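These are my notebook entries on one protein chain. I set out to look up its helices, their packing and a few single residues.

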Amino acid sequence: MSRKPPVDLVRRREMIMGLAAGTVLPFVAGCADNAALGRSQLMLVSDGQLAQLSQQAWQDSLQRERVLRDPSYQRRLQRVGDRVVAASGQSHLDWEFVVFDSDTVNAWVLPNGKVGFYKGILDIMDTDDHVATVMGHEVGHVAGRHSAERASQQMAAQMGVSLLASAIGSSGSNYAQYSDDVGAALGMGVTYGVILPYSREHEYEADRLGVDYMVGSGYDPRQAVDFWVGMSAMNDHNVAEFASTHPSDDNRVAAMRAHIQARGYAG
């Protein structure tokens, strides 16, 4: 017959599992309301810190990547970028749009307004509405302060792990019998229970904001659905959504259609 663990050890174990599930987090001051999202965000990273890191990352990218010299690509990206940024209300940032000479089908943004599009993704965009789809999404990440929030979540999770590790270390050798549960909870649980789901929510939020910015800048939001349906057809990576920072293609398209309908953009 196995011996029943002491009550205090059971409580510690419940606290660890709660952290892993996202129901228990250490109290940290630093919540801020975001009007663009209509919700509060955990903010442990300052705008100044992000700006400094972003500028360094941008300079590194300009040195590492090859900038495309075809002016027609740059003019197209600049034209769409200027309109979308104006509609987003984020004109206070020093925006910069650069096309990189690569067949990679991707685009990205830094929190300081530096945007990189690869030639590969522009080549599959039949209309400027398609460019605005991705541009709006990237600008949405900036307006949503998603980089700061994601960094803050990771910091908070790490703080929680450190606090619990200290508690475990001071609890004596009796707790060693639960080491496998602790490792599973802190290793896999925090990642899948806290960090990645928030990342998927960021993607949904950026999609919604991006559609709003498309409409505000005179682009057709229905083209956003067409673009993502086309991207889905090209996607050969069958990663389960629960283990990904991005929503599944079907869920993303369904959510986008629902947002367009709810906003009355469809008519």
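**Entry 1: helix H2.** I am working from a predicted model. I began with helix H2, residues 47-64, and counted 18 residues in H2. From first C-alpha to last, H2 reaches 25 Å, close to the 26 Å expected at 1.5 Å a residue. I then asked which residues of H2 are buried. They are Leu50, Ser54, Trp58 and Ser61. These four cover an arc of only 70° around the axis, which puts them on the same side of H2. On the other side of H2, I found Gln52, Leu53 and Gln63 exposed.

**Entry 2: the chain as a whole.** I next looked up the overall composition. The chain holds nine helices and five strands. Read along the sequence, their pattern is α-β-β-α-α-β-β-β-α-α-α-α-α-α. Of the 267 residues in the chain, 42% are buried. I also checked the sequence range of the contacts: among those between residues at least 6 apart in sequence, 70% join residues at least 24 apart.

**Entry 3: helix H8.** I turned to helix H8, residues 222-234. The 13 residues of H8 should span 18 Å at 1.5 Å a residue, and the end C-alpha atoms of H8 are 19 Å apart, which agrees. Buried in H8 are Gln223, Ala224, Val225, Phe227, Trp228 and Met231.

**Entry 4: H8 against H5.** At what angle do the axes of H5 and H8 cross? For helix H5, residues 128-143, and H8, I noted a crossing at roughly 85°, with the axes coming within 9 Å. An angle from 65 to 115 degrees counts as roughly perpendicular, and H5 and H8 are therefore roughly perpendicular to each other. On the H5 side, the meeting residues are Asp129, His130, Thr133 and Val134. On the H8 side, they are Gln223, Ala224, Asp226, Phe227 and Trp228. By class, the residues of this contact of H5 with H8 divide into four nonpolar, three polar and two charged.

**Entry 5: H8 against H9.** I then took up the packing of H8 with helix H9, residues 249-263. Their axes lie 10 Å apart, at an angle of about 175°. That makes H8 roughly antiparallel to H9. H8 contributes Ala224, Val225, Trp228, Val229 and Ser232 to the contact. H9 contributes Asp249, Arg252, Val253, Met256, Arg257 and Ile260. I recorded seven nonpolar, one polar and three charged residues in the contact of H8 with H9. Ala224 and Trp228 appear in the contact with H5 and also in the contact with H9.

**Entry 6: Val225.** I selected Val225, found in H8, for a separate look. Is Val225 buried or exposed? I found Val225 buried, with a relative accessible area of 8%, and buried means under 20%. Val225 and Val253 are 28 residues apart in sequence, yet their C-alpha atoms are 6.2 Å apart in space. Leaving aside neighbours within four places in sequence, Val225 is in contact with Val253, Met256, Arg257 and Ile260.

**Entry 7: helix H9.** I went back to H9 for its own geometry. H9 has 15 residues and reaches 21 Å between its first and last C-alpha, close to the 21 Å expected at 1.5 Å a residue. I listed its buried residues as Arg252, Val253, Met256, His259 and Ile260. They cover an arc of only 125° around the axis, which puts them on the same side of H9. The face of H9 turned away from that buried side carries the exposed residues Asp250, Gln261 and Ala262. Just after H9, I noted that Gly264 takes a positive phi of about 80°.

**Entry 8: Arg83.** I looked up Arg83, which lies in helix H3, residues 71-88. Arg83 is partly exposed, with a relative accessible area of 37%. The C-alpha atoms of Arg83 and Gly216 are separated by 8.7 Å, although their positions lie 133 residues apart along the chain. Which residues does Arg83 contact, leaving aside its neighbours within four places in sequence? I found Ser217, Gly218 and Tyr219.

**Entry 9: Ser102.** My last entry concerns Ser102, in the loop between strand S3 (96-100) and strand S4 (107-109). Ser102 and Arg66 are 36 residues apart along the chain, and their C-alpha atoms are separated by 7.7 Å. Not counting residues up to four places away in sequence, Ser102 touches Tyr118, Lys119 and Gly120.

How values were computed. Residues numbered from 1 in each chain as written. Predicted model: local features only at pLDDT ≥ 70, side-chain atom pairs only at ≥ 80, totals over all residues. Heavy atoms only, no water. Helix = DSSP H or I, 4+ residues; strand = E, 2+ residues; numbered from the N terminus. Expected span 1.5 Å × (residues − 1). Buried < 20%, exposed > 50% of the residue type's maximum accessible area, 1.4 Å probe, protein only. Arc of directions from axis to C-beta. Contact = heavy atoms within 4.5 Å. Axes fitted to C-alpha atoms, helices over the stretch in contact; angles between N-to-C directions. Parallel < 35°, antiparallel > 145°, perpendicular 65-115°, else oblique. Nonpolar A, V, L, I, M, F, W, Y, C, P; charged D, E, K, R; others polar.
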